[in-house]
Amino acid sequence: MLNTRPFGLAVCGVVAWISASLPNAAAADVSIGNTFALNQVLNEFVERGDYPFVYARIESFEGRVLYEYSTKNELLLPDADIDGQTWIRIWSMSKIVTITLTMDLVEDGIISLDDPVTDYLPELRGLTVASGPDNVRLSSLPENAEPCPLSTGPAASPITLRNLINHTAGFHYAVTGIECLDSLSSAQNLPGTEDADEFLDRLSALPLVHEPGADYFYGLNTTVLGMALERATRSSLQELVEERITKPLRIRGLQYSLPDQASLLPYFTGVSGTAEVTTPETLNIFGGELPRYDRRNELLLGGEGMLATADGYADFLRMLGNGGMLRGHRVLDDTSLSEMASPQTLINNPAGYNGYNLWVTNGSAPDGQENLWLGGGYESTHFWIDRENEFVGVIMSQMHEPPAAEVSRDEAFRAAVYENLVR
């Protein structure tokens, strides 16, 4: 019943390249052999009209670019030069940044994952939980049962920061597939609020999709987590990102606001069966406005609101893959990273399990690899971390609802990478 999903054209390509031998023995044996095969995978998805462009980048943990390629639809983007410095709306790839901040603050003793969220966000006292006819939980309704009209009752359990980090708190997007619940979310227009205070006031009027701690449901949980971090530290998420991640690690290309003189790519959709320019209203995740990227914006959405370049985001991933350290500065202990990648939710899924919003593979995908750390975003962004072979991968596009394909772009590309990986 509930929608629990985590989310003939001219083509121009930029030539891929391979790095020279890497300096240390652990990574020296890893390179990309037939880069043409990887290019062709990406070209085919653009030529077929599934994406307006695709940019892919693979970096070793030491920062060597092992592969880089950009391909685009010339009719849709005739004047765009898309590369590793292009600013991209990364949506849910923001979540792992907020989770990294959370674990850093836990290590420093500022917060605990078992803290009740109301310790920091008292606006969320008195939340209600939605249910269907006869007070049956929405997740327990038969497949064809009609859930509307909803009934609500008080939440019996407190929400902890751990519930937020694991998507078990019950917060949801406006795309549950239950019209009477989604319409309530749309009416609140959460991203249209001025700041976190107004956001939380409106959010507190919405029922949770399940009792806190009872189920996994992908939604606004990490955004609420980010607001709890702001209250706990009396700093904005942007300040926390700068102070704890980007400045000490010397990362450029990971922030909440668009730099001066920079611009963002258009919104695209594939709902008609091929990529085409669309309006922001088509992206209905909130049922209303979308995140704002102006420097004056005070509403920072820790689950959806960041911008990144592929170069900058790859640096962040290298830190995670390299035991929490980059350029001589440590952000996280390896124990925190192990916890982030340990089984938390969706443990019985046949394709792997979910850690702290990191999907960990079990080898069943077309790439055949176990223990990759994966994530992605609403407009077709994707990343993975390979700790065995010591490299990270980033795939960028800006595309809502790409047409269905027999094999996903990300799985097809990763499979090509490992078929042509020279160890």
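User: Happy to start with a contact: which side chain does Glu379 meet in a polar contact of 2.6 Å?

Analyst: In this predicted model, Glu379 sits in the loop between β16 (370-377) and β17 (381-386). Glu379 is buried, with a relative accessible area of 0%. The side chain joined to that of Glu379 by the 2.6 Å polar contact is Arg89.

User: Thanks! What is the length of the polar contact between the side chains of Glu379 and Trp91?

Analyst: Trp91 comes from the loop between β5 (88-89) and α3, while Glu379 is in the loop between β16 and β17. Both residues are covered: Trp91 has 1% relative accessibility and Glu379 has 0%. The polar contact that links their side chains is 2.7 Å.

User: Staying with Trp91, what is its phi?

Analyst: Most residues other than glycine have a negative phi. Trp91 departs from that pattern, with a positive value. Its phi is near 50°.

User: And where does Asn371, with its positive phi, lie?

Analyst: Asn371 is a residue other than glycine, and its phi is near 65°. Trp91, with phi near 50°, belongs to a loop. Asn371, on the other hand, is placed in strand β16.

User: Let's turn to the disulfide: which cysteine is joined to Cys148?

Analyst: The structure holds 1 disulfide. Its sulfur atoms are 2.0 Å apart. The partner of Cys148 is Cys180.

User: How many residues apart in sequence are the parts that this pair ties together?

Analyst: Cys148 and Cys180 form the disulfide. Cys148 belongs to the loop between β6 (128-131) and β7 (151-154), and Cys180 to helix α5 (residues 179-188), so the pair ties together parts whose separation in sequence is 32 residues.

User: Is that disulfide left-handed or right-handed?

Analyst: The handedness follows from the torsion about the S-S bond of Cys148 and Cys180. That torsion is about -85°, so the disulfide is left-handed.

User: Which class does Cys148 fall in, buried or partly exposed?

Analyst: The cut-off for buried is under 20% relative accessible area, and exposed means over 50%. Cys180, at 15%, counts as buried. Cys148 has 22%, which makes Cys148 partly exposed.

User: Is the peptide bond from Cys148 to Pro149 cis or trans?

Analyst: Most peptide bonds are trans. Pro149 is in the loop between β6 and β7, and the bond leading from Cys148 to Pro149 has omega near 0°. This peptide bond is therefore, given that omega, cis.

User: How many residues of helix α11 are buried?

Analyst: Helix α11 covers residues 409-419 and is mostly covered. Its buried residues include Phe413, Val417 and Tyr418, and charged residues are there too, among them Arg409, Asp410 and Arg414. Of the 11 residues in α11, the number buried is 9.

User: What distance separates the C-alpha atoms of Ser60 and Asn389?

Analyst: Ser60 is located in strand β3 (residues 53-60) and is buried at 0% relative accessibility. Ser60 and Asn389 are 329 residues apart along the chain. Their C-alpha atoms are separated by 8.4 Å.

User: And how far is the C-alpha atom of Leu127 from that of Gly153?

Analyst: Leu127 lies in the loop between α3 (95-107) and β6, and it counts as buried at 6% relative accessibility. Along the chain, Leu127 and Gly153 are 26 residues apart. The separation of their C-alpha atoms is 8.6 Å.

User: What is the C-alpha separation of Leu164 and Arg330?

Analyst: Leu164 is part of helix α4 (residues 161-165), where it is buried with a relative accessible area of 0%. Leu164 and Arg330 are 166 residues apart along the chain. Their C-alpha atoms are separated by 25 Å.

User: Stepping back to the whole chain, what is its radius of gyration?

Analyst: The protein chain has 11 helices and 19 strands. For 423 residues the globule rule gives 22 Å, and the chain comes close to that, so it is as compact as a globular protein of that length. Its radius of gyration is 21 Å.

User: Last one: how far apart are the centres of the positive and negative side chains?

Analyst: The chain has 27 positive side chains and 57 negative ones. Its C-alpha trace spans about 60 × 50 × 45 Å along the principal axes. The centres of the two charged sets lie apart by 6 Å.

Terms used: Residues are numbered from 1 along each chain as its sequence is written. This is a predicted model: local features need pLDDT of at least 70, side-chain atom pairs count only at pLDDT 80 or more; totals for chains, interfaces and linings use all residues. Side-chain values use heavy atoms; hydrogens and water are left out. Helices (H or I, at least four residues) and strands (E, at least two) are DSSP runs, numbered from the N terminus. The radius of gyration is taken over C-alpha atoms; the globule rule is 2.2 Å times the number of residues to the power 0.38. Lys and Arg count as positive and Asp and Glu as negative; His and the chain ends are not counted. The place of a charge is taken as NZ of Lys, CZ of Arg, CG of Asp or CD of Glu. A disulfide is a pair of cysteine sulfur atoms within 2.5 Å. Buried means under 20% relative accessible area, exposed over 50%, partly exposed in between (1.4 Å probe, protein chains only). A polar contact is a pair of N or O atoms within 3.5 Å; within protein, one must be able to donate a hydrogen and the other to accept it, and residues adjacent in sequence count only if both atoms are side-chain atoms.
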